[in-house]
Amino acid sequence: MLDFFAGQYDIVVVGAGHAGIEAALAAARLGSRTLCLCTSLEGIGNLPCNPSIGGTAKGQLVREIDALGGEMARAADATCLQFRMLNRGKGPAVYSPRAQSDRMGYRAYMRKVLEHCDNLDLAQGECGEILTDDSGAVCGIRTVGGGRYDCRAVVLCTGTFLGTKTFTGEVVRSMGPDGMYAADSLTPCLEKLGLQLRRFKTGTPARVSGKSLDFSKMTPQPGDDGELGFAFDRTEEAVNVVTCWLTYTTEETHEIIRGSLHRSPLYCGEIVGTGPRYCPSIEDKVVRFPEKGRHQLFLEPCGGDTDEYYVQGMSSSLPEDVQRSFLRTIPGLEQVHILRPGYAIEYDCIDPLQLDHTLHYRDIPGLWCAGQLCGSSGYEEAAGQGLVAGINAARWLQGKPPFVLKRRDGYIGTLIDDLVTRGTNEPYRMMTSRSEYRLICRQDNADSRLMPLGHEVGLISDVRLAAMEQRQEQIRAEVQRLQKTVAPPNDKTNDFLTAHGTSPIALRGASLADLLRRPELCYDDLAEIDPAPPSLPRPVTEQVEIEIKYEGYIRRQLKDIEEQRRLEDSPLPPDIDYLSIRTLRTEARQKLQAVRPETLGQAGRISGVSPADVGALMVYLSHREEQPK
């Protein structure tokens with residue numbers, strides 16, 4: 001292979017999707033000379049599937065990325081077409097922000113940020129080989145064109161491009177998302193280096209022309225007014241310039257799909273990769289849920305300056321003629337014109353059990369992995385991993401301690417811990433139910449949880465940290481004021497309570513905090529009987545209301561966190577030979593030896609390791625400490 005010296009860097013980030021962007025920006029902003037290498041400069045920050053950022057659990061990830069100093073939240077706010085806060089009808093633990101983004105605008109924003117970032121260079125090219133020195137440590141990469149970049153660390157963020165194939169019925173191509181080049185050369189190198197690979201699959205629906213749609217047969221889904229967006233330092237309300245639309249499949253849709261399954265690569269054996277259980281194709285939905293007469297679909301605009309719409313909920317790998325037929329059975333899509341047919345995409349990824357909590361590959365010093373390469377799905381999951389990997393690559397080169405987020409720290413910590421401790425046999429999707437601390441790790445308080453960590457790392461400025469601390473002081477002061485302010489038991493108070501469907505108060509009156517705990521009342525209602533209501537921004541009053549209404553639940557969860565902290569902070573020696581500990585069950589010995597957990601808490605979360613095994617491990621450790629050294 002041709003070999004010429006192309007440049008020298010501290011870190012090379014392979015890929016410029018959502019993981020690669022955050023990894024490259026974090027590394028460069030922390031002072032490392034960084035190269036971001038991608039197969040197409042036009043594909044930087046691409047939204048190859050849904051043209052949106054956030055959603056249930058994913059919105060929490062975006063807020064946490066912002067609180068740590070990442071870029072995704074700012075890009076989503078800058079290119080927002082519609083903003084909604086999902087799950088307002090449920091408890092605050094699952095409130096989830098979501099933005100409909102201008103797809104081309106998002107890409108342009110991210111490319112501009114990368115191009116103007118100090119210490120960061122962009123280059124178009126395909127990584128064909130990871131180079132290691134005699135000690136087995138990373139020393140560079142080589143492109144398929146023969147260019148050798150010397151470096152001491154590599155962050156792999158290959159997304160769905162590694163060994164990629166796309167499937168639209170009988171049409172199978174070696175191609176990445178949106179017709180971009182597949183990265184076919186790196187897989188053999190990764191196998192040679194010892195990384196364990198598997199095949200995963202995902203998919204995307206057709207994109208259709210808006211002028212061919214009859215919106216009068218659909219239900220409008222407008223944005224939410226009054227919401228501020230994702231970034232914590234944003235002061236303007238999010239814009240709502242587009243409407244999304246709700247419609248449904250019909251029984252005729254399902255009949256066409258059932259009659260065409262023999263042409264589906266998913267059902268005729270062409271696709272071997274494992275698909276996402278929580279985001280199935282329309283073929284999967286029809287087969288797995290035959291009792292359902294219809295499935296909901298959302299028509300979402302891809303941008304402010306395009307007529308292209310995304311049919312959310314209609315992912316398919318069926319042939320284009322079948323897609324055209326079943327789409328035309330849906331109300332509002334009877335005359336639909338397909339701009340791009342849907343397709344399934346199959347790609348190589350690694351077993352994340354080979355990584356530690358910094359996303360470093362244990363067996364090769366200087367190699368990190370992030371994003372869909374690690375078995376996850378989704379832009380937000382990828383961005384969170386990329387941010388952590390980029391931070392740790394830079395800190396490793398600088399001789400600083402690793403940056404590790406615990407489950408109690410937030411959704412990014414939960415995501416990474418799930419991947420590197422439990423692994424995944426299907427594309428991993430973040431959900432609120434995956435976090436046992438979701439009442440503490442809410443989207444609204446990600447700033448107070450994580451900005452101090454982002455500031456300590458070096459990605460959050462003094463100004464942003466001071467603004468967060470000021471918000472927290474406002475919250476504390478208002479909670480105390482409501483606790484001390486008593487509403488008298490007079491006619492005005494009781495008429496107010498009766499009008500809001502709740503009972504009058506007793507002779508001694510009640511504090512405004514006690515009244516706010518009543519489910520019938522919200523913070524803004526109290527202004528009618530509050531003698532001196534302050535003027536506070538909505539993010540502050542929202543957290544005040546949550547802290548007061550859920551005080552008991554929050555206190556209980558904080559107690560649980562403290563009880564778990566002992567196990568989480570109990571490190572396990574890296575040289576333990578688990579196979580030799582006979583008090584452990586055979587399965588536990590094998591699982592512990594494979595994962596090599598860093599703490600007792602992590603050991604207890606490994607599938608196949610029981611509480612009794614953890615107890616036996618604690619006894620072993622106590623005996624080990626008593627042994628003379």
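Buried, as the word is used in these legends, means under 20% relative accessible area. The model shown is predicted.

**Figure 1. Asp447 in its buried setting within helix H11.** Asp447 belongs to helix H11, which covers residues 446-457, and because its relative accessibility is 1%, Asp447 counts as buried. Leaving aside residues up to four places away in sequence, Asp447 is in contact with Ala67, Phe232, Pro452, Met468, Arg471, Gln472 and Gln543. The view also takes in Asp233, which is 214 residues from Asp447 in sequence, although the C-alpha atoms of the two are 9.8 Å apart in space.

**Figure 2. Helix H2 and the residues that flank it.** Helix H2 runs over residues 58-68, and 11 of its 11 residues are buried, so the helix is largely enclosed by the rest of the structure. The buried residues of H2 include the charged side chains of Lys58, Arg63, Glu64 and Asp66, and among the others are Leu61, Val62, Ile65 and Leu68. Ala67, one of the buried residues of H2, is also among the residues that Asp447 touches. Ala57 is placed in the loop between strand E4 (52-54) and H2; this residue has a positive phi of about 70° although it is not a glycine, and with a relative accessibility of 0% Ala57 counts as buried. On the other side, H2 is followed by Gly69, whose phi is likewise positive, near 100°.

**Figure 3. The packing of helix H1 on helix H9.** Two packed helices are described by the angle between their axes and the distance between the axes. Helix H1 (residues 18-29) and helix H9 (residues 379-397) pack at an angle of about 30°, and their axes are 7 Å apart. An angle under 35 degrees counts as roughly parallel, and H1 is therefore roughly parallel to H9. The crossing in which H1 passes H9 is right-handed. From H1, the residues in the contact are His18, Ala19, Glu22, Ala23, Ala26 and Ala27, and they meet Tyr379, Ala382, Ala383, Gly386, Leu387, Gly390, Ile391 and Ala394 of H9. Sorted by class, this contact of H1 with H9 comprises 10 nonpolar, three polar and one charged residues. An α-helix has 3.6 residues a turn, so residues three or four places apart point the same way.

**Figure 4. Gly128 in strand E8.** Gly128 is located in strand E8, which spans residues 127-132, and its relative accessible area of 15% means that Gly128 is buried. Apart from residues up to four places away in sequence, Gly128 touches Arg142, Thr143 and Val144, together with Ser185, Leu186 and Cys189. Gln602, by contrast, lies 474 residues from Gly128 in sequence and 35 Å from it in space, C-alpha to C-alpha.

**Figure 5. Gln354 in a loop between two strands.** The loop between strand E21 (343-350) and strand E22 (367-369) holds Gln354, which counts as buried because its relative accessibility is 9%. When residues up to four places away in sequence are not counted, the contacts of Gln354 are with Gly194, Leu195 and Gln196 and with His360, Tyr361 and Arg362.

**Figure 6. Two partly exposed loop residues, Asn119 and Asp178**. Asn119 is found in the loop between helix H4 (103-115) and strand E7 (120-124), where it has a positive phi of about 70° although it is not a glycine; with a relative accessible area of 34%, Asn119 is partly exposed. Asp178 lies in the loop between strand E13 (171-173) and helix H5 (186-193), and at 26% relative accessibility Asp178 counts as partly exposed as well. Beyond residues up to four places away in sequence, Asp178 touches Asn46, Pro48, Arg103, Arg340 and Tyr343. The C-alpha atoms of Asp178 and Thr166, which are 12 residues apart along the chain, are separated by 9.7 Å.

**Figure 7. The whole chain, for orientation.** The protein chain contains 19 helices and 24 strands, and buried residues make up 57% of its 629 residues. Its C-alpha trace spans about 85 × 80 × 50 Å along the principal axes. The radius of gyration of the chain is 26 Å, which agrees with the value near 25 Å that a compact globule of 629 residues would have. Among contacts in the chain with a separation of 6 or more, 72% are between residues 24 or more positions apart.

Methods: Residues are numbered from 1 along each chain as its sequence is written. Side-chain values use heavy atoms; hydrogens and water are left out. Axes are lines fitted to C-alpha atoms, for helices over the stretch in contact, and angles run from 0 to 180 degrees between N-to-C directions. Helices (H or I, at least four residues) and strands (E, at least two) are DSSP runs, numbered from the N terminus. Angles under 35 degrees count as roughly parallel, over 145 as roughly antiparallel, 65 to 115 as roughly perpendicular and the rest as oblique. A crossing is left-handed if the near helix is turned anticlockwise from the far one by less than a right angle, and right-handed if clockwise. Contact means heavy atoms within 4.5 Å. The radius of gyration is taken over C-alpha atoms; the globule rule is 2.2 Å times the number of residues to the power 0.38. Buried means under 20% relative accessible area, exposed over 50%, partly exposed in between (1.4 Å probe, protein chains only).
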